[in-house]
Amino acid sequence: MFLRGFMFDSARCLESRSYYKSAIDFVSDRGANAILWHFTDDQGCTLEFDSVPGIASPNAYNKDEIRQLIKYARSRGIELIPEVASLGHSRYITRLPAYAHLNESNSIFTGICPISKETRQIIKKLIEEAAEVFDGPNFHVGLDEANFGDHPLTAAALQTRTRADIFTDHVSFIYGIVTRAGKRMWMWADGVLKDPEVARRVPRDVVMCNWQYRPAAPTDSTQYLLDQGFDVVLCPALISHDQTLFPGEEFALPNIRCMKNHEALTGQGKILGSICTIWTGVRFMSESIWPAIDLAAAIMDDPKVETKNALDRFAQEYFGLTGSDARSWADLCDRVMHLSPLRTEWLAIGKAQLPDEMTAEQIEAKGSDWERQAEKLRNLSSTVRRNRRAYRTFRLMVEVAAHWYAMTARLAMSDGPTNAELKRIYQKGSNLLRRVEGAWDQERHADDPKKIAPPVEYFRDDHLILLLRQGIESARQRLPAEREAIQTKVRTRKTTEMKKTVVQK
């Protein structure tokens, strides 16, 4: 079976129960036959384990629920493939006080000590228990972006052994667990691609998931893996580190088109298919990206598919639009995909700051373009016949972008906004933020702690709600009453510091 599917990242953001069932239906209707479920990572674990109590995040699935979801997926022709992170991305284990001593470091990318016997006991329990629940033939064990060497046991081992020795010994250990459970092991390919010695030692029946997230992803990494004798699953990305709010024609979509062309490569190994990844749901509103998932599925069937034709078909099938309305929606969605910002630009805009090397006038022009698309969406709203909530969420995403670009530009203008303008900017932004928070409550879990704050500081900028709050705060602090309150606090603090200085002298 040639794989065609998607990856959902519940570890970083757990969607509602109904969402995942809808996602299975959605991708199945578009020819997918696999979903990679990324349910463990630094930010959490969304499956309950009997063997490691306390590891599960709030609202995690219990095993009966997952079995039902697996059964439902199978009825729709979908294999649900689990991923248990087993070296890097393992704070879901080491965040627990009982296992904190196994953490390798406090850097962004860390790991669980691969030398410790206790680590092996924990990983063995997790893989065996998950393998019993997920009864399909494939099992993903992560192994990407692993950072080890700081733990005393690992540091001591590195005195006499190489990093490749330690890494491949760990891989072999995990390989034994997975194969004894009757599964074929999958892993992310970056560790193999970085070190020829690792590539030489990893068993050849391990499937390499090659993630390459650049618009023009070169074929050399895929060709290398094939020449080494590995079977390869190609893993482009709709949402990743550099494309966070909405997939765009500058980054994500050309990446998917380019990776699709890798399927023609040959070697000692073979291409097993493609799994399009969607990372870190706190970056976006999940109901807003259905048209992008639909387009990605079309691209994975034919990289030459014409975007507007695909979007026109989507508008008819999903929203029930017809004729010129469907074509209008396709045109505006195509424009949104061209406007969709890359990471550095969006992070600045979200905080109401000018991006590097961009003027207020350029940002204002972009804001006007976003607003034109928002206006078109408002005009089409009455003609939507199906999936109105998803339509409203897509429209909300466009309205948020339109307002934030306009707000950033106006705050940066040399003349600056009037007090009345500032009040309107703040009120509109606050209203939009409330609507984004409401969309979270509809799509996800209102009581999820991740709605308030990310469990890992690195992801604060990747959190749409927190990012928008920063922009609103920038506008609020410029309101006259707020400026006076801030100045009063500064004066009070300075007076207190001066008195302390006098007393000390």
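**Exercise 1. Find what covers the buried residues of helix H14, then work out how enclosed this helix is.**

Step 1. Start with the cover: helix H15 (360-380), helix H16 (388-412) and helix H18 (464-476) are among the elements over the buried residues of H14. Helices here are DSSP runs (H or I, at least four residues), strands are too (E, at least two), and both are numbered from the N terminus. Covering rests on contact, meaning heavy atoms within 4.5 Å.

A word on the model: it is predicted, so local features need pLDDT of at least 70 and side-chain atom pairs count only at pLDDT 80 or more, while totals for chains, interfaces and linings use all residues. Residues are numbered from 1 along each chain as its sequence is written, and side-chain values use heavy atoms, with hydrogens and water left out.

Step 2. Now count: 7 of the 8 residues of H14 (residues 343-350) are buried, so the rest of the structure largely encloses this helix. Buried means under 20% relative accessible area, exposed over 50%, and partly exposed in between (1.4 Å probe, protein chains only).

Step 3. Put names to them: the buried set is Arg343, Glu345, Trp346, Leu347, Ala348, Ile349 and Gly350. Just past H14, look at Ala352, which has a positive phi of about 60°.

**Exercise 2. Is Val456 buried or exposed, and what does it touch?**

Step 1. Find Val456 in the loop between helix H17 (419-443) and H18.

Step 2. Its relative accessible area is 13%, so Val456 counts as buried.

Step 3. Skip the neighbours within four places in sequence, and Val456 is in contact with Asp42, Gln43 and Arg91. From Val456 to Gly44 you travel 412 residues in sequence, yet the C-alpha to C-alpha distance is 9.9 Å.

**Exercise 3. Trace the strand partners of E8.**

Step 1. Strand E7 (residues 184-188) pairs with E8 in the parallel sense over 3 bridges; pairing takes at least two DSSP bridges between two strands. Met187 has Met208 in E8 as its bridge partner.

Step 2. On to strand E9 (residues 232-235): E8 and E9 run parallel and are joined by 4 bridges. Here Trp211 has Cys235 in E9 as its bridge partner.

Step 3. Follow the chain from E8 through helix H9 (residues 220-227) to E9, and you get a right-handed β-α-β crossover. Right-handed means that, with the strands pointing away from the viewer, the path from the first strand over the helix to the second runs clockwise.

Step 4. Check the cover: of the 5 residues of E8 (residues 207-211), 4 are buried.
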